[in-house]
Amino acid sequence: KARHVDGREELQTGDVVPGDLILAVNGEELRSNQEFARLVARRRPGDKLRLTIERGEEQFDVDVTLRGV
């Protein structure tokens with residue numbers, strides 16, 4: 001299961017937009033929204049992550065920086 005981006009993310013980038021699906025974080029496939037939250041909770045603002053995103057028919061990786069919430 002992927003994580004839907006809803007526009008209130010703790011991600012600091014213009015490359016991830018509401019409606020995107022986050023399929024993996026740093027190559028680790030997501031199985032639930034809780035897993036995404038767990039992976040992000042282990043990080044600090046300013047940390048870099050590589051996300052695998054699905055947008056429509058496209059699938060791509062994007063590097064993001066976490067921001068404080």
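## Surroundings of Glu 29

Leaving aside residues up to four places away in sequence, Glu 29 touches Leu 23, Ala 24 and Glu 35. The model described here is a predicted one. Glu 29 belongs to strand β4, which spans residues 28-29. With a relative accessibility of 55%, Glu 29 counts as exposed. Computed along the sequence, Glu 29 and Leu 51 are 22 residues apart, while their C-alpha atoms lie 9.7 Å apart in space.

The loop that leads from β3 to β4 contains Asn 26. The phi angle of Asn 26 is positive, near 50 degrees, and this residue is not a glycine. Asn 26 is partly exposed, at 40% relative accessibility.

## Overall fold

The protein chain contains one helix and six strands. Along the sequence these elements are arranged as β-β-β-β-α-β-β. The helix, α1, covers residues 33-41. Strand β2 takes up residues 11-12 and β3 residues 21-25. Strand β5 runs through residues 48-55, and β6 through residues 58-66.

The protein chain has 69 residues, of which 39% count as buried. Its exposed area is about 4,500 Å², and carbon and sulfur atoms supply 43% of that area. Among contacts with a separation of 6 or more, 45% are between residues 24 or more positions apart.

## Strand pairing

Strands β3 and β5 run antiparallel and are joined by four bridges. Within this pairing, Leu 21 has Glu 54 of β5 as its bridge partner.

Strands β5 and β6 are also antiparallel, with eight bridges between them. Leu 51 stands opposite Val 62 of β6, and the bridge partner of Arg 55 in β6 is Glu 58. The two strands form a hairpin with two residues between them, where Gly 56 adopts a positive phi near 65 degrees.

## Nonpolar core

The largest nonpolar core has 13 residues, and the members that touch the most others are Ile 22, Val 25, Leu 49 and Leu 51. Strands β3, β5 and β6 and helix α1 each give two or more residues to this core. The strands named here are those of the two antiparallel pairings, β3 with β5 and β5 with β6.

Leu 51 therefore appears in two settings: as one of the core residues with the most contacts to other members, and as the residue opposite Val 62 in β6.

## Salt bridge between Arg 55 and Asp 20

How many salt bridges does the model contain? The count comes to five. One of them joins the side chains of Arg 55 and Asp 20, with an N to O distance of 2.7 Å. Arg 55 lies in β5, whereas Asp 20 lies in the loop between β2 and β3, so this salt bridge ties together parts that are 35 residues apart in sequence.

Are the two partners buried or exposed? Asp 20 is buried, with a relative accessible area of 1%. Arg 55 is partly exposed, with a relative accessible area of 32%. Arg 55 also takes part in the strand pairing, with Glu 58 of β6 as its bridge partner.

## Salt-bridge network around Glu 35

Side chains of opposite charge can pair when their charged atoms come close. Glu 35 forms salt bridges with two arginines: with Arg 31, the closest N and O atoms are 3.4 Å apart, and with Arg 38 the corresponding distance is 3.5 Å. Glu 35 and Arg 38 both lie in helix α1 and are three residues apart, so about one helical turn separates them. Through shared partners, salt bridges join Glu 28, Arg 31, Glu 35 and Arg 38 into one network.

The accessibility of these residues varies. Glu 35 counts as buried, at 7% relative accessibility. Arg 31 is exposed, with a relative accessible area of 60%, and Arg 38 is partly exposed, with a relative accessible area of 39%. Glu 35 is also one of the residues that Glu 29 touches.

Key:
Residues numbered from 1 in each chain as written. Predicted model: local features only at pLDDT ≥ 70, side-chain atom pairs only at ≥ 80, totals over all residues. Heavy atoms only, no water. Salt bridge = Lys/Arg side-chain N within 4 Å of Asp/Glu carboxyl O. Buried < 20%, exposed > 50% of the residue type's maximum accessible area, 1.4 Å probe, protein only. Core = buried A, V, L, I, M, F, W, Y, C linked by side-chain atoms within 4.5 Å. Pairing = 2+ DSSP bridges. Contact = heavy atoms within 4.5 Å. Areas by Shrake-Rupley, 256 points an atom, 1.4 Å probe, with all protein chains shown as cover.
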